[in-house]
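Here is a short tour of a small protein model, written for someone who works at the bench. Please keep the sequence and the structure in view as you read.

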Amino acid sequence: MKNNKVKRTILMLLVAVILFSATMVIPALQDSKWKVYLQGGATGLTMAGIVSIITLLIDYLKDSKK
């Protein structure tokens with residue numbers, strides 16, 4: 001089960017990096033509302049990834065105490 005959480009976290013962070021990088025690389029997105037939407041999505045995925053990492057750390061610390 002934890003293996004799936006780790007994969008999900010890595011995938012969320014990878015997609016966030018790709019989305020944010022795409023907003024800087026694709027010239028058609030400059031001065032576009034789509035750039036704001038993609039950056040917002042990347043920010044949301046990054047926050048979700050950070051929360052997921054914190055949750056994984058808490059679970060790991062609880063398991064190591066037992």
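Leaving aside neighbours within four places in sequence, K35 is in contact (heavy atoms within 4.5 Å) with T23, L29 and Q30. K35 has its place in helix α2, and its C-alpha atom is 8.5 Å from that of M24, with the two positions 11 residues apart in sequence. Before going further, please note that this is a predicted model, in which local features need pLDDT of at least 70 and side-chain atom pairs count only at pLDDT 80 or more, while totals for chains, interfaces and linings use all residues. Residues are numbered from 1 along each chain as its sequence is written, and side-chain values use heavy atoms, with hydrogens and water left out.

**The overall picture**

The protein chain has 2 helices and 0 strands; both kinds of element are DSSP runs, numbered from the N terminus, with helices being H or I of at least four residues and strands E of at least two. The chain is more spread out than a compact globule, because its radius of gyration is 16 Å, well over the 11 Å that the globule rule gives for 66 residues. That radius is taken over C-alpha atoms, and the rule is 2.2 Å times the number of residues to the power 0.38. Along its principal axes, the C-alpha trace spans about 55 × 15 × 15 Å.

About 5200 Å² of the chain is exposed, and carbon and sulfur atoms supply 73% of that area; accessible areas come from the Shrake-Rupley method with a 1.4 Å probe, and for residues only the protein chains shown count as cover. Buried residues make up 15% of the 66 residues, where buried means under 20% relative accessible area, exposed over 50%, and partly exposed in between (1.4 Å probe, protein chains only). Among contacts between residues at least 6 apart in sequence, 63% join residues at least 24 apart.

**Helix α2**

Helix α2 covers residues 33-65, and its end C-alpha atoms are 49 Å apart, in agreement with the 48 Å that its 33 residues should span at 1.5 Å a residue. The expected span is 1.5 Å times one less than the number of residues. At its N-terminal end, S32 acts as a cap, with a side-chain oxygen 3.1 Å from the backbone nitrogen of W34. The buried residues of α2 are A42, G49, S52, L56 and D59.

**Where the two helices meet**

What does T9 of helix α1 contact, leaving aside neighbours within four places in sequence? The partners of T9 are G49, S52, I53 and L56. T9 itself counts as buried, at 4% relative accessibility. Its side chain makes a polar contact with the side chain of S52 at 2.5 Å; a polar contact is a pair of N or O atoms within 3.5 Å, where within protein one must be able to donate a hydrogen and the other to accept it, and residues adjacent in sequence count only if both atoms are side-chain atoms.

The structure holds 1 salt bridge (a side-chain nitrogen of Lys or Arg within 4 Å of a carboxyl oxygen of Asp or Glu). The side chains of D59 and K5 form this pair at 3.5 Å, N to O. D59 lies in helix α2 and K5 in helix α1 (residues 2-25), so the salt bridge ties together parts that are 54 residues apart in sequence.

**Accessibility of three residues**

| Residue | Relative accessible area | Class |
|---|---|---|
| K5 | 21% | partly exposed |
| M47 | 52% | exposed |
| D63 | 42% | partly exposed |
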